[in-house]
Amino acid sequence: MELNKMSRRKKNRCLKIIFNDLKYNNYYVSKFINLLMISGKKSLSEKILNNVLLKIKQIYNINPIRIFKKAIINCSPKVDLKKKKVGGTFYQIPVSISKRRGIIKAMRFIKNNSINKNNSNIVDAITREIIDTYNDNSSSVKNRDELHRKALLNRAFSHFAF
C-alpha cells in the first residue's frame with residue numbers, strides 16, 4: 001500500500017540555534033539584537049543595544065544584563081490566545097505557552113512599545129522601556145496583563161482547544 005503523498009500531519013520543525021552574544025555571552029542579548037535588526041543591519045542593532053546597556057549601567061551601577069533579564073521575565077506572558085473557527089465564528093482559545101515563546105513575546109512587547117513612543121532617539125526609548133519594565137510599570141507589563149485578562153475571559157472556550 002502506498003503512503004499518502006499529501007499528508008497533513010505536522011512535521012517536526014528543528015529549532016534554529018542562536019548563539020550567545022560575543023560581548024556579553026548571553027542568549028537574551030543575542031535574541032534581542034536579532035529582533036531589533038532591520039534589513040539585515042545586525043551591526044546597527046548591536047550598537048543600539050550596547051548603548052542601551054551602557055545607559056542602564058550608568059543609571060543603576062550594577063550589571064545591566066541582570067536588569068535586562070529581569071525586565072524580560074517581568075513582562076513575559078504565561079498564556080496566549082489562539083484563534084479557532086467553530087461553526088462560522090472565530091473563538092479566541094487560551095493556550096499555555098512555553099517559557100521560550102513567552103520570552104520572545106516579551107521582547108516583542110518591549111520593542112514595539114519603545115518604537116511607538118514619540119522619542120526621537122531609539123536608544124533612549126528602549127532604555128526607558130526596559131527600566132520601566134524592570135520596575136513593573138511599563139506599557140509592556142500592561143500588554144502582558146491585558147493578554148492574561150483576555151485569556152481569563154475566554155477560558156470558557158478552552159474546551160475547543162486544538
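**Close-up 1. Asn-25 sits in the segment before α1.** This is a predicted model, and our tour starts with a backbone angle. The phi angle of Asn-25 is near 55 degrees, which is a positive value in a residue other than glycine. Is Asn-25 buried or exposed? Its relative accessible area is 57%, over the 50% mark, so Asn-25 counts as exposed.

**Close-up 2. Asp-136 is another residue with a positive phi angle, found in the loop between α5 and α6.** Here phi is near 65 degrees, and once again the residue is not a glycine. With a relative accessible area of 45%, Asp-136 is partly exposed. That label applies because 45% falls between the 20% limit for buried residues and the 50% limit for exposed ones.

**Close-up 3. The largest nonpolar core brings together 25 residues.** Which residues have the most contacts inside this core? They are Phe-32, Val-52, Phe-68, Ile-72 and Ile-130. Five helices each give two or more residues to the core: α1 (27–36), α2 (42–60), α3 (64–74), α4 (99–116) and α5 (122–134). Take a moment to find each of these helices in the structure.

**Close-up 4. Phe-32 is one of the core residues with the most contacts.** What does Phe-32 touch, once residues up to four places away in sequence are left out? Its partners are Leu-49, Phe-68, Met-107, Ile-110 and Ile-126. Phe-68 is also on the list of core residues with the most contacts.

**Close-up 5. Ile-104 belongs to helix α4.** This residue has a relative accessible area of 11%, so it counts as buried. Ile-104 and Phe-32 are 72 residues apart along the chain, while their C-alpha atoms are separated by 8.6 Å. Ile-104 also appears among the residues lining the largest pocket, the subject of a later view.

**Close-up 6. Helix α3 has seven names on its list of buried residues: Pro-64, Ile-65, Ile-67, Phe-68, Ala-71, Ile-72 and Asn-74.** Which helices do these buried residues pack against? The answer is α1, α2, α4, α5 and α6. Two residues of this buried group, Phe-68 and Ile-72, are also among those with the most contacts in the largest nonpolar core.

**Close-up 7. Helix α5 has 13 residues and reaches 18 Å from its first C-alpha to its last.** That reach is close to the 18 Å expected at 1.5 Å a residue. Its buried residues are Val-123, Ala-125, Ile-126, Thr-127, Glu-129, Ile-130, Ile-131, Asp-132 and Thr-133. They pack against α1, α2, α3, α4 and α6 (139–153). One of them, Ile-126, is touched by Phe-32.

**Close-up 8. Asp-80 lies in strand β1 (residues 79–86).** Why is Asp-80 called buried? Its relative accessibility is 8%, and buried means under 20%. Leaving aside neighbours within four places in sequence, Asp-80 is in contact with Ile-93, Pro-94, Val-95, Ile-97, Arg-101, Lys-105 and Leu-147.

**Close-up 9. Ile-93, a contact of Asp-80, has its place in strand β2 (residues 89–96).** Ile-93 is buried, with a relative accessible area of 0%. Measuring from C-alpha to C-alpha in the model, Ile-93 and Asn-143 are 18 Å apart in space and 50 residues apart in sequence.

**Close-up 10. The largest pocket has a volume of about 410 Å³.** Its lining is made up of Lys-10, Lys-11, Arg-13, Cys-14, Leu-15, Lys-16, Ile-18, Tyr-27, Lys-31, Arg-100, Arg-101 and Ile-104. Both α1 and α4 supply at least two of these residues, and α4 provides the largest share, three residues. How do the lining residues divide by class? Seven are charged, five are nonpolar and none are polar.

**Close-up 11. The second largest pocket has a volume of about 160 Å³.** Around it you can find Leu-36, Met-37, Ile-38, Lys-41, Leu-44, Ser-45, Ile-48, Lys-111, Ile-115 and Ile-122. At least two lining residues come from each of α2 and α4, with α2 giving the largest share, three residues. Sorted by class, this lining has seven nonpolar, one polar and two charged residues.

Conventions. Residues are numbered from 1 along each chain as its sequence is written. This is a predicted model: local features need pLDDT of at least 70, side-chain atom pairs count only at pLDDT 80 or more; totals for chains, interfaces and linings use all residues. Side-chain values use heavy atoms; hydrogens and water are left out. A nonpolar core is a set of buried Ala, Val, Leu, Ile, Met, Phe, Trp, Tyr and Cys residues joined through side-chain atoms within 4.5 Å. Buried means under 20% relative accessible area, exposed over 50%, partly exposed in between (1.4 Å probe, protein chains only). Helices (H or I, at least four residues) and strands (E, at least two) are DSSP runs, numbered from the N terminus. Contact means heavy atoms within 4.5 Å. On a 1 Å grid over the protein atoms alone, a cavity is a set of points where a 1.4 Å probe fits but cannot get out, and a pocket is an open set with protein on both sides within 12 Å along at least five of seven lines; lining residues have an atom within 4 Å of a point. Grid points are joined across faces, edges and corners, and a volume is the space filled by probe spheres set on the points. Ala, Val, Leu, Ile, Met, Phe, Trp, Tyr, Cys and Pro count as nonpolar, Asp, Glu, Lys and Arg as charged, and the others, Gly among them, as polar. The expected span of a helix is 1.5 Å times one less than its number of residues.
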